[in-house]
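User: I'm new to protein structures and would like to practise reading one. Could we go through it together?

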Amino acid sequence: MHIAIVGFGPRGLAAAEYVLADAPAIKIDVFDPCAVPAAGPNFMPDEPDECLLNLPLRAVDLPPPTGANAASFHDFVAREIGVAPDPDSYVPRNMLGAYMAGRLDGLVQSYPDALAHHAALVTEAWRDGQGWWLTTADATHGPFHALLLSPGQPISRADDQLARWQDFAADKGFDIAPAYPGRALVTAAQGWAGKTIAVRGLGLSAFDVVGMLTLGVGGKIVDGQYQRSGREPRLIVPFSRDGLPPMPKPAMAQEPVYALQKDEKTQLLTAVRAALGASPADARQMIAAALAPPATRITGQDATPWLATETDPDADHPQQEPVSFLQDAIAMADGHLAPCVAYAVGQIWRAMQSDLRDIFHSTDGDPATRAAIVAIDHGLKRITYGPPLSSARLMLTLVNDGIVQLGLADGPDIALTDDGWVLDADINAQVMIDAVLPAPKLAQLDDPLIRSLLRKGHLREDPGTGGILLDRGGMAEQGLHVLGRMGEGSSIATDSIHDCFGVNTRAWAQDMTKDALKPASKGHAHA
């Protein structure tokens, strides 16, 4: 049996590991132009240390490697730094990339004839009576019994605002750059000393960008104060729709505060299962009703009003002052301030991520309802996927130092002038950094393979999410599966290293190994 995996970051690696553990005779061709297979662009080993993994070390719980030289991530980190690591620490993402590259090396050593890597972009795919065929720039590959798409973040078009700004920058000679790869941003930042830099987006990527533009050019934190290197920008201005940064994750000592009681967890998971069989509006109400009792118990405040607003896609959210918001969020994370309802709900939902994935995989539901629950998950990401506490403290320190200013909205009156981007009429930026991750929607994609499969009818758009329509097992059609954020709706909470090794990847591998272990029937080609 011969299969193809297109996109070979951590998720593709997990898929190959699971398959080969049960069916070592399967042949797997993997296609990915990334310079470090298995790491993927998000975890490249040469990324700056300022880009931190968004989980404390204690929370990184990956299955053991399948291949030779097996080591846990915790053991790998200890070996890299030479001491037992602090379980509450957030290590650089480059460490996870190096670890994944090492896992791949071990897999290849254990199964030297199983994996063939093609460092090429796949531009087209089709199926005939023999199986699936793939086209790259210089060759046609196949036939394959099955095709797995594990694309991470596919190639996307710039949205209208970003495209207009790119044309403006090219015409006027200003700099506009993506947040990643971080190594390129740090290199470019050496020429931005004394300039005002606007950062489009105030999510997790903005925390990386701020760290790279300060610590990455030689700045330091000394006794809680920022010590400048002289190579910093004059001002860094991150902006977003509401101007509010995400809330940091709690320190380890605060985690027990948010633990669900057994009956609360049972009721909440039961509500999510039942919600998948309801209408979108009823599903939102059912989940809000199940979240309210534990959030009320934890905070001592009635959580119902906040949850009613949070789960209503048409509700207006009250505006808040961003610096005091950040200060309060830090105080809640370190236990110096009692949690508000929002913070408590975020931690409850974060602890449920693995259970949510299992429920979405095992329970049918209308695509519109699944999309509504995914939308709740997305709305809570500003809390559940918040930054490390150290990153939030760095941001606040830089605000107090005057090098960072928060509070601009996504729709400010941004004028394009001969002097650069003029934000809210009084801030003039000579550099714009795009820190907005494109949404997983087909309408924004320029990925040639996915566009090819859409044209041929092998893929269809999910009307609820705008991504790829799949069954709850991740199948688009027989022999074609998709894993990851482009398949949200069939899955949920995909933006996590744990999802890469989670139930959907494992289930796909089990399907492959079942097929591989079946006696070949007459007329059935296992290419």
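Analyst: Sure, here come some questions and answers about this structure, which is a predicted model.

User: Let's start with rings. How many aromatic pairs are there, and is the pair of Trp 165 and Phe 239 stacked or edge-to-face?

Analyst: The structure holds 10 aromatic pairs. For Trp 165 and Phe 239, the ring centres are 6.5 Å apart and the planes stand at 65°. An angle over 60 degrees is the cut-off to look for, so this pair is edge-to-face.

User: How many residues apart are those two along the chain?

Analyst: Trp 165 sits in helix 4 (residues 160-172), while Phe 239 belongs to strand 12 (residues 235-239). The pair therefore links distant parts of the chain. The gap is 74 residues.

User: Are Trp 165 and Phe 239 buried or exposed?

Analyst: Buried means under 20% relative accessible area. Trp 165 comes in at 2%, and Phe 239 at 0%. So Trp 165 counts as buried, and Phe 239 also counts as buried.

User: What kind of pair do Phe 174 and Trp 421 make?

Analyst: Their ring centres lie 6.0 Å apart, with the planes at 50°. Stacked needs under 30 degrees and edge-to-face needs over 60. The angle fits neither, so the pair is tilted.

User: And which parts of the chain does that pair tie together?

Analyst: Phe 174 is buried at 17% relative accessible area, and Trp 421 is buried at 0%. The two are 247 residues apart in sequence. The parts tied together are the loop between helix 4 and strand 8 (175-178), home of Phe 174, and strand 14 (residues 420-423), home of Trp 421.

User: Strand 14 is in a sheet, I think. Which strands of that sheet stand at the edges?

Analyst: The sheet is open and has 3 strands, in the order 13-14-15, with antiparallel pairing. An edge strand has a single partner, so one of its sides has no neighbour in the sheet. That describes strand 13 (415-417) and strand 15 (427-429).

User: How many bridges join strand 13 to strand 14?

Analyst: Strands in a sheet pair through backbone hydrogen bonds, in parallel or antiparallel fashion. Here strand 13 and strand 14 run antiparallel, and Thr 417 stands opposite Gly 420 in strand 14. The number of bridges joining these two strands is 3.

User: Now the inside. Which helix gives the largest share of the largest nonpolar core?

Analyst: That core has 77 residues, and Trp 192, Val 404 and Ile 433 have the most contacts inside it. The largest share is 8 residues. They come from helix 8 (residues 280-299).

User: Is Leu 268 buried or exposed, and how far is Leu 268 from Trp 349 in space?

Analyst: Leu 268 is found in helix 7 (residues 262-275). Its relative accessible area is 0%, so Leu 268 is buried. Leu 268 and Trp 349 are 81 residues apart in sequence. In space, C-alpha to C-alpha, the distance is 9.9 Å.

User: Last one: where does His 458 lie?

Analyst: With a relative accessible area of 13%, His 458 is buried. Leaving aside neighbours within four places in sequence, His 458 is in contact with residues including Trp 126, Arg 127 and Trp 132. Its place is the loop between helix 16 (448-455) and strand 17 (475-477).

Notes
Residues are numbered from 1 along each chain as its sequence is written. This is a predicted model: local features need pLDDT of at least 70, side-chain atom pairs count only at pLDDT 80 or more; totals for chains, interfaces and linings use all residues. Side-chain values use heavy atoms; hydrogens and water are left out. Helices (H or I, at least four residues) and strands (E, at least two) are DSSP runs, numbered from the N terminus. Buried means under 20% relative accessible area, exposed over 50%, partly exposed in between (1.4 Å probe, protein chains only). Two strands pair if DSSP finds at least two bridges between them. A nonpolar core is a set of buried Ala, Val, Leu, Ile, Met, Phe, Trp, Tyr and Cys residues joined through side-chain atoms within 4.5 Å. Contact means heavy atoms within 4.5 Å.
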